[in-house]
Number of protein chains: 2
Amino acid sequence: MAATSPTPALTAERILEATEEVLRRHGPAKATVVDVARALGVSHGSVYRHFRTKAALREAVTKRWLDRTSEQLCGIAAADRDPGARLRDWLWALFDAKRRKAGDDPELFATYMVLVDENGPAVTEHIDDLTGQLARILRDGAGTGVFTVSDPAAAARVVFQATGRFHDPGYARDWMRPEAEADFAALADLLLRGLSSP
Amino acid sequence: MAATSPTPALTAERILEATEEVLRRHGPAKATVVDVARALGVSHGSVYRHFRTKAALREAVTKRWLDRTSEQLCGIAAADRDPGARLRDWLWALFDAKRRKAGDDPELFATYMVLVDENGPAVTEHIDDLTGQLARILRDGAGTGVFTVSDPAAAARVVFQATGRFHDPGYARDWMRPEAEADFAALADLLLRGLSSP
């Protein structure tokens, strides 16, 4: 008998990878669970054993996409460094991560914009995750006296909203403009000054 | 002969008023110059004598709508008062004007969103107008030492972008949320602190 290469186990992660590929190829309106199953060489029943509905699969792939950004930033938030520098780096890293997502693969980005619109809870969770990281930095800074912030969670919310222009996907088309970096740097300066003012 | 009431002269302003009414009634996709002329009881040629194309008419009505907000704020920017209080009032007035436009007449607001998308130059001019007013307040404050701002025009741009969530129409659906006012107040506080920090 000829040797066959072993079929890798059908994990949730493999299904999500294939789903992203299918979404990229067919677009969010046309992609189906059958397409995903075909791409994996399995029956659509096998996919449904991991994700009970098409909606659940779409939500999971959206969450995975959003989580990639949070995971990149998590290390900056948790680092044992001056909170002022950490905050600046974190805000830059957020802008940069979103900008690269939008610029490197505009089609996939557009696809995810559609999915994000469908998946309120995944987005709320993502924003909570990011503002939680911000709050951690602000809390550390309040502890060392770098920031004059009495409510780090509230301040995190304000900073997140104030920088929306540089991470809210609705502004994606402005992110490549030549003035975007200088605008962002000036905004980060002003916020840092406000957070540190006596 | 029976007395007839005199027909008012056909001014640009009357045409623009009628155009807004027609847009409200028919929506931006269907409204035509003929509809406007009919509403005024004149020939469409008379309308074209004031606005040479349909595009020019749509641009003028958009500009008029945007200008209404700038005019409301202009008095605050120019007032002879403490620049800190003036800045706070001006930012609130901007949020409030936009929020009322969106909330009081959502259909007309949606119509103008379509027109605004078509009319890049009118929007750029509007934003220049508003940031010019902001720069005036910041310049006055830099003069009296209230603000530690070396470039009022650049700082105005930053403040305008930082508050985008409370005046950019893309966020209109968030403006009526119960937390919006507190969020806005906290953001204004942080910005004022940053602008005044030594």
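**Entry 1. Area between the chains**

I looked up the area first: chain A and chain B bury about 1,900 Å² between them, with 52% of it on carbon and sulfur atoms. Buried area is here the accessible area (1.4 Å probe) that two parts lose on being put together, summed over both. I recorded that Gln161(A), Leu190(A) and Arg193(A) supply 30% of the area that chain A buries against chain B, more than any other three residues.

I noted that this is a predicted model, in which local features need pLDDT of at least 70 and side-chain atom pairs count only at pLDDT 80 or more, while totals for chains, interfaces and linings use all residues. Residues are numbered from 1 along each chain as its sequence is written, chains are lettered from A and ligands numbered from 1 in the order in which they are written, and side-chain values use heavy atoms, with hydrogens and water left out.

**Entry 2. Residues in the contact**

I found 22 residues from chain A and 22 residues from chain B in the contact, where contact means heavy atoms within 4.5 Å.

I then turned to the polar side. Between chain A and chain B I counted four salt bridges, a salt bridge being a side-chain nitrogen of Lys or Arg within 4 Å of a carboxyl oxygen of Asp or Glu. Asp183(A) forms a salt bridge with Arg157(B), and their closest N and O atoms are 2.6 Å apart.

I looked up which helices of chain A take part; helices (H or I, at least four residues) are DSSP runs, numbered from the N terminus. On the side of chain A that touches chain B, α8 (152–162) and α9 (180–196) of chain A each supply at least two residues. The largest share of that side, eight residues, comes from α9(A). By class, the side of chain A that touches chain B has eleven nonpolar, five polar and six charged residues. For these classes, Ala, Val, Leu, Ile, Met, Phe, Trp, Tyr, Cys and Pro count as nonpolar, Asp, Glu, Lys and Arg as charged, and the others, Gly among them, as polar.

**Entry 3. Symmetry**

I checked how the copies are related, superposing them by least squares on the C-alpha atoms of residues with pLDDT of at least 70 in both. A turn of 180 degrees and a shift of 0.0 Å along the axis lay chain A on chain B with an RMSD of 0.0 Å. The two copies are therefore related as by a two-fold rotation axis. Of the residues of chain A, Gly194(A) comes closest to the rotation axis, at 1.7 Å (C-alpha). The same surface serves both copies, as 100% of the contact residues of chain A recur in chain B.

**Entry 4. Helix α8 of chain A**

I found α8(A) mostly covered, with eight of its eleven residues buried; buried means under 20% relative accessible area, exposed over 50%, and partly exposed in between (1.4 Å probe, protein chains only). Among the buried residues are Ala156(A), Phe160(A) and Gln161(A). Their cover includes α5 (83–104), α7 (120–144) and α9 of chain A, together with α8 (152–162) and α9 (180–196) of chain B.

Thr131(A) lies in helix α7 of chain A and counts as buried at 16% relative accessibility. Leaving aside its neighbours within four places in sequence, I saw Thr131(A) in contact with Ala156(A), Arg157(A) and Phe160(A).

**Entry 5. Helix α4**

I placed Thr62(A) in helix α4 (residues 54–78) of chain A. Thr62(A) counts as buried, at 0% relative accessibility. Not counting residues up to four places away in sequence, Thr62(A) touches Tyr112(A), Leu115(A), Val116(A) and Asn119(A).
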